[in-house]
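Biologist: I'd like a close look at a single part of this model, with enough of its surroundings to see where that part fits. Pick one and walk me through it, please.

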Amino acid sequence: MFNLILKFILIMLIIIGSISLGLIFEGIDRILTAKMQKRVGPPILQPFYDIRKLMIKESIIPKYAIKWIFELSPIISLTVSILILFYIPIVGKSILGGSNDLILVVYLFIFPGLSIVLGALSSNSTYSNIGAQRLVINMLGYEFPLAIACFVPVWLVYKSGFSNIFSLNTIYTHNIWGLVNQIGIIGLLIEIIAIFLIIAGELSKSPFDLDTADSEIAGGALAEYSGRNLAMLNLSEAVKIIAISSLFIALFFPWNIQSNLIIMFLIYILKLFFIIFISLTLIKTVTSRFKISKLTGIYWGYVSLLATIGFLLVLF
Amino acid sequence: MSIVYQPKILLLLFSLIFFIIYLFYLTGEKKYKKDTVQTIAYFSGKTPYQNIKLQNVYWGFFKNFEKLYLFLSKIQRENTNDYVFMFIIWLTFILLTICLI
């Protein structure tokens, strides 16, 4: 019984912790973006205030929407975003680590986006339909380079003769930077550049923010969402930032796993900040939105090429 | 660490997190003014036709590879031998790549 209560406390801790951390990083992102644009920016806790405000606002459901899909999609999106964190090693090994959890995690990352697509399509709005269409194209685009990028550490672990190569815990406990030569290190650095672009795409941030393009399609996939439904989607996005960054930390930056828990957590926060700053804040601030007709070409062309070159250099 | 991936635990955990999130969701405001103008889906300009085809979901994808599709359509002669020939070429390429690696 005591064990069960302990597990429940741990689950609650991860839910609250991931949401809070995601919202804090969103606040930091907003401040840094504002500073780069020579603005003052909102307070760091602004995302929390936004969620509180949305929870007390009306949750309008369009007249001809499929109500149950429209309302269920944001909850599923948030649930799966949190669920992913149980399979990723954050401080030490993951809670639900298995032998093929990397494949599972890559597939689970499809669900939050897919539920937004379903919710948008069920809203019977033109803007939401266009947004959903763009989100599908975005997802089709980044999945390919994402698969290549995830395969590089798997290959290195396999080449070094370890078992359970698709286990995130296995990859996390073996520093991949020590398994390559000098050319391989250049390959891994190129792979990291591709990863920053993949993260920006996965989170639908500029220059890949076509699905929610405010100035073009009035919020796109999220156009009809309001109140608590929109709050759930915002929370899902915040947790997704943590989840996708944590995945790449486990794959490419698994250092300092021998120290004590508090130091490990602080180092994890620093790594998280580094990844979020480059892939979200920096890329978002210095780029503008791509055209929808160019998006897949950019992913399957340039980003995939970067990921493949990185992989080929690692092979040497 | 478990040796194999366990779908039962995944589903159980999913249900538990879903339940907790749903409880939090219920604390939000659920009322809105039904059958008023605010429930009409937002659109600025002339109302488009209602039945949007599902194939439009992939429009951006097809548009992006338009040149490739046109090229492929051009070389397609509807001859089975061509397909078998291409299959053998790709299979050889894949097997050679695997052997070399």
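Modeller: One bit of vocabulary before we start: two residues are in contact if their C-beta atoms, placed from the backbone, lie within 7 Å. Also keep in mind that this is a predicted model. I'll take helix α1 of chain A, which runs over 2–36.

Let's begin with its geometry. α1(A) has 35 residues, and at 1.5 Å a residue they should span 51 Å. The end C-alpha atoms of α1(A) are 50 Å apart, which agrees with that expectation. For scale, the C-alpha trace of chain A spans about 60 × 55 × 40 Å along its principal axes.

Now, which residues of α1(A) are buried? They are A:I15, A:S18, A:I19, A:G22, A:L23, A:F25, A:E26, A:G27 and A:D29. An α-helix has 3.6 residues a turn, so residues three or four places apart point the same way. It's worth having that in mind as you click through the list. A:S20 is also in helix α1 of chain A, but A:S20 is partly exposed, because 15 other C-beta atoms lie within 10 Å of its own and the buried class takes 20 or more. If you want a distance to check on screen, the C-alpha atoms of A:S20 and A:Y107 are separated by 25 Å, with their positions 87 residues apart along the chain.

What do the buried residues of α1(A) pack against? Their partners in chain A are α2, α3, α10 and α11 (261–286), and α1 (7–26) of chain B joins them. That gives us two directions to follow: one across to chain B, the other back into chain A.

Take chain B first. In total, 51 residues of chain A are in contact with 38 residues of chain B. On the chain A side, α1 (2–36), α2 (46–56), α3 (67–85), α4 (101–108), α6 (126–159), α10 (227–252) and α12 (292–315) each give two or more residues. So our helix is on that list, though α6(A) gives the most, with nine residues. By type, the chain A side divides into 25 nonpolar, 17 polar and nine charged residues. The partner, chain B, has four helices and zero strands, and buried residues make up 6% of its 101 residues. On confidence, chain B averages a pLDDT of 79, and 79% of its residues score at least 70. The model scores ipTM 0.84 and pTM 0.82.

Now the other way, into chain A. One of the helices that α1(A) packs against is α10 of chain A, and all 26 of the 26 residues of α10(A) are buried, so that helix is largely enclosed by the rest of the structure. Its length checks out as well: the expected span is 38 Å, and the end C-alpha atoms of α10(A) are 38 Å apart. The largest nonpolar core has 95 residues, and those with the most contacts inside it are A:I84, A:I88, A:A194, A:I198 and A:F248. α10(A) gives the most to this core, with 17 residues. Look at A:I88 for an example: leaving aside neighbours within four places in sequence, A:I88 is in contact with A:S94, A:V105, A:L168, A:A243, A:S246, A:L247 and A:A250.

Back to our helix, and out past its end. Just after α1(A), A:K38 takes a positive phi of about 60°. A:K38 is found in the loop between α1 and α2 of chain A, and it isn't a glycine. Is A:K38 buried or exposed? A:K38 is exposed, because 6 other C-beta atoms lie within 10 Å. Set A:S204 beside it: its phi is near 50°, again a positive value in a residue other than glycine. A:S204 lies in the loop between α8 (182–202) and α9 (214–217) of chain A, and with 24 C-beta neighbours inside 10 Å it counts as buried.

Finally, the whole chain around our helix. Chain A has twelve helices and zero strands. Of its 316 residues, 51% count as buried. Among contacts in chain A between residues at least 6 apart in sequence, 79% join residues at least 24 apart. With 316 residues, a compact globule would have a radius of gyration near 20 Å, and chain A has 20 Å, which agrees.

Notes
Residues numbered from 1 in each chain as written. Chains lettered and ligands numbered in written order. Predicted model: local features only at pLDDT ≥ 70, side-chain atom pairs only at ≥ 80, totals over all residues. Nonpolar A, V, L, I, M, F, W, Y, C, P; charged D, E, K, R; others polar. Core = buried A, V, L, I, M, F, W, Y, C linked by C-beta atoms within 7 Å. Buried ≥ 20, exposed ≤ 12 C-beta atoms within 10 Å, placed from the backbone. Rg over C-alpha atoms; globule rule 2.2 N^0.38 Å. pLDDT = per-residue confidence, 0-100. Expected span 1.5 Å × (residues − 1).
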